[in-house]
Structures are given as structure tokens and as C-alpha cells.
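Reader: I have a two-chain model open and want to go through it. Can we start with where the chains meet?
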Amino acid sequence: MVGDDAQLFTIEGFTAGLIMLGALYLVLNTAAVFVPGDTHIPDMQLEQLGNDALAMMDIPAELNGENALKHYIEDNEPFEFHKNLSWSTGYLQRKTDTTVFVPDIRYNATVYYRTTSGGVGSYHFADSDDYSASAGDLVGREPAVLVSRWVKIDNKPTGAPPQMRGNDQVVLLEVLLWRG
Amino acid sequence: MLSVDFLAGFTIFLLAFIMVIATVPGLLIGLNSQSIDYDAVAYRTAVVLTEDPGDGYDRDINATTKYWEQQVDFKSDIYRFGLAASSRAPNVLSNNKIEIFFNDALFTEDDYERKIIFADIPYAPYAYNISLTHDAEPSRYAIGTPVPKTSYGYMKRLVKVRDESSSATVNAAEIAGLDYVWEDAGVPDNVTSYSGDFAVRFDFGGLNDPTIADQYRINPKSDSFAVNITSVKTALDGIEAANSVDFSSVMLQNVTLYKWDALGSMWSDQSTHYRIENETFRLYESAPANLYEFDEAFSVRNATYLLLELDPPLPFSKREPSGKVRLNFTFNYTFAANTTAGLDSVLFTNHEFSYTYGDAELPPLSPGVLEVVIW
């Protein structure tokens, strides 16, 4: 007396309901949630620190004093640059001890210049692997940030590639920084 | 045999269950919106501290000023804190501003919240900890509460600190050979006493030289000055030996302030308008304990040095950026016997020392670091 034919209508109704609910669920689930990790704040902090470090090297300590950054590039002193940037007395490791400090910032510095033929050349200047006790420090877990500063030098640095011009010029020092 | 009804019901139940479980990860997201901006507030605070000199109101000149550290008598006249020595020299901080800012006896938490953190008082105050260290100062400057272990916003800036004081040394034993004399008044014949001046001159136009970068420029409005006259006793002994003179006394009579009057082309005495007091001028004789009281004469016959210290701002420097002032020290020499004429019988016969970049020693900039923590 009771047939199964009406089941098809019921199932059709349920299926339509489920499709509507499923569509609603997908729409609501794609709403973006704002979390701090999305704003790349740790990258910005590292970039500001790197910019400050290069700016500090570019400000002489006294009137008519020596410009440290110019001296490091012009006189080819990568080790002095490394000490001033990255040693425990260097700029990247300065702290006031109000928070926990982990000394793990690595860097890789390159100098870009205009060649005698008008192109752009570059040479490796310094990196944190050169002077570390354990080799292979040029590895890391996070993406690097790039900071740079224009430096005016009065002559070609000693040991610079031959295609670099000999007169006074402006070079670009680029430093990649990352947390190792 | 399973009926279709059962399958349909079970399917709907299972789907609903899956959807509920799928929303569980959303419970773990920290959606407290206030904590998200701690890093932004820390960054903003650090930028204002290191790159802005601050803002205040100076009642002396009825104008806004960046020297808010000189307005602590009226805290409502300080609108915004800032530690930079000049907006044209970011990351170079002023030592005077640092000393006042980190003095938490002068300011309350409310002051810091309003004038540098810019919190929404009283609804959403932030907790803060601002600290600074630099090479020339062994201890750390800090204000605020101790930092929690997690969940704070943080910013670190590298800075150089400008010690806003300069000093110059004048060796009295060598003064005879130097070109300091402005008025060639020699000691006349047959006198038993003589008064001669030693003047220190500040030329604001020369000090405010715009070709010198802000971080190295001597600023009469904000810098302390020190002039150290050394070897006074040695010089007086030398004069006695070389010229057969016998001083019965050498007294510093008084100190007078003169201002250059451009209209009249003369130095005008400011004694009636400007009281020289120990709070802004200090004169020491031979030891830090011997502070000169400006209302009585004292003997300098056996002085190893005379040290003059001036606090900022120098008189008239705020209203007249290219003015000149001169501090005249009047010395009175009394001789045991009548003298013969000549310049060499006394130490100072109207000598003038001009405080310029060539003679002044400025301390170097001191590297440091500023950290701002907000939670």
C-alpha cells in the first residue's frame, strides 16, 4: 500500500538543501582572517635594522672625521666591515637587554659599480661565512631582506676588478640579511 | 538491506559533523584585534623618538620650539617627545633630550602615554618599556614596566648620541705670545694697581654655520660650553720672575655680560637686565669644590685653573641667532712696589678669546641602540 516512489522527491529535496548549505559553507569559509604573520613584520624589523646599521657606518663620529663605510670600500677592508657589522661589538648585535636576544643574523654584501664600457658590474665584498669558525654559515631558514646604500668613493678600491673605473665614483653596496 | 532513508539521513548527519569539525581550527586563531597593532605602535614610537626632535612651547619667546627639554617647568608646554638632535639628522640623538626623557621623576605614565605612545587614554592604554644604551654612558636608560615573556610588539633602532657640550682650553702661560689682545692697553708707569680684562666671546652667527652638518654643529640654544683657563699660577709666577714685579694680590673682581649692539656698533653692558647666576654660569677655581659666588671678588694668585661652565641656552641666543655676547672677567692686580710701563707686567690686558670651531673640542658621536617594547 505504501510505495517507494515518493522517496525520490524527498531525496531530491535533501540534495537541493545540501547543495545550498555546501555553497554557503564554501562562501563563508573563504573569508580572510587577519593575523600578524601576514604583515611581514619580522622582515620589516630586520630591514630597518640593516638600514640603520649602514646609516651608522655612514655617519662619521666627528666633524671632518673619517666616514667608515667609505673607508671600508675604498681601502678594501671587508674584515673591518664584518667586525663593525656582525661581531658581538658590531651594530647588528647591539642590545639593551630588556628582551631576549638571539645573535643569529647572517649577511652577504656585494658592491655594484659602473664598468669602463658603461655596463654594471659587481663583486662580492664580505659575508658572515668568510670569518666564522664553522664553515657553511651561509644557510638559513627564513627569506632574506635586502638593504642598500650608495657610497661615494674617491678612487678604485685595491683589488677591484679591472673593468671598474679608476676615478671617483658612486657605488652601490647591497647587503642581504637573514636569520640563520 | 539498508534503506535509502537511512543512507540519506546518515549522509546529512555526516556532512553536518564534518562541517562542525572543519570550524575547529578557527578557534585557535587569535582574533583579539588590539594585540595585532603592538608591532605597529612600537615601530611608530621608535620612529618618533629617533627621527623627530619633539615639539614644545617656549614662553620666553612665545613660540613653538624643538627644545622641549628646556620647558620642564611647565609640562603642559611639552606637546610631543622626541630625542633626535635635529630633523635633518635622523638617528643622531641629543644627550640633553635623553637625560630629560628618561628621568621618570619628571614625568608620569600618563605623560608618556599621551606624548610619545599616543594611546587612547583612558580606554586603551598600552604598557611600554623604552630603553637606550650607548657607548659613552655605562648604565642603561629605561622607562616603563618589565617586559613579559611573549605577545609584545618590538622595534630596535641603531642610533648615535651627540653629547651637547664642547670645551676650549686657554693656556694662560702662553697667552702673551698669542694674538688675543683687542685693545692694546699696557700698564702705565708708577701705579700700584691695575685692572685688566679677559673676555670670552661667543659669535652666534659663526657657531650657527649652516655649512656644518646638524650633528656636528655647536648650537648656542642647546649646547653647554666650557672654557678652561689653565696654568694661571704658573703664568703669574713667570711674570714675577721675568719682569721683577711683585704681586701683592691678583683678584677676580667681577664677571660682566656684554651684548653686541649692531645699531650702535658697540658692546653694551647687560648687568642691569641680565643677572648672572650660578644656575646657568659656573666658575670654578682650582677644584670642583671652589665655586665662585658672583657677588664678591676672590683671589686667583694661586689658581691652577679657572673653569667657566655655561648651561644652555646662551643669553640672547634664542632671539638673535646671529648676535654676539661677551663675558668679561675683570682682574685687579695690586703691586707691592710701583711698576714700570709695559704689557708684560700683568697676565690679562684686555685679552679676548673667541669660541670658534677651530678652538673648541667636541666629543665624538657615541653609537648606541634604542629598543621600544609595547604590549
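Author: What follows covers the interface and then one strand of chain B; bear in mind that this is a predicted model.

Reader: How many residues of chain B are in contact with chain A?
Author: On chain B it is 40 residues, in contact with 32 residues of chain A. The two chains bury about 3,400 Å² between them, and 66% of that is on carbon and sulfur atoms.

Reader: What is the count of salt bridges between chain B and chain A?
Author: Two salt bridges. In one salt bridge, the side chains of A:Arg94 and B:Asp135 meet at 3.1 Å, N to O. There are also 16 residue pairs in polar contact between the chains, with both residues at pLDDT 80 or more.

Reader: Which elements of chain B give two or more residues to that side?
Author: Helices H1 (4-22) and H3 (38-51), plus strands S5 (128-134), S7 (153-162) and S18 (366-374), on chain B. By class, that side of chain B has 26 nonpolar, six polar and eight charged residues.

Reader: Switching to S7(B): which of its residues point which way?
Author: B:Gly153, B:Met155, B:Arg157, B:Val159 and B:Val161 point one way, while B:Tyr154, B:Lys156, B:Leu158, B:Lys160 and B:Arg162 point the other way.

Reader: And why the alternation?
Author: Because side chains in a regular strand alternate between the two faces of the sheet. In S7(B), ten of the ten residues are buried.

Reader: What is S7(B) joined to?
Author: Strand S4 (residues 92-94) of chain B runs parallel to S7(B), with three bridges; B:Val92 has B:Lys160 as its bridge partner there. S18(B) runs antiparallel to S7(B), with nine bridges, and B:Ile374 in S18(B) stands opposite B:Gly153.

Terms used:
Residues numbered from 1 in each chain as written. Chains lettered and ligands numbered in written order. Predicted model: local features only at pLDDT ≥ 70, side-chain atom pairs only at ≥ 80, totals over all residues. Heavy atoms only, no water. Contact = heavy atoms within 4.5 Å. Buried area = accessible area lost by both parts, 1.4 Å probe. Salt bridge = Lys/Arg side-chain N within 4 Å of Asp/Glu carboxyl O. Polar contact = N/O pair within 3.5 Å; in protein donor to acceptor, adjacent residues only side chain to side chain. Helix = DSSP H or I, 4+ residues; strand = E, 2+ residues; numbered from the N terminus. Nonpolar A, V, L, I, M, F, W, Y, C, P; charged D, E, K, R; others polar. Buried < 20%, exposed > 50% of the residue type's maximum accessible area, 1.4 Å probe, protein only. Pairing = 2+ DSSP bridges.
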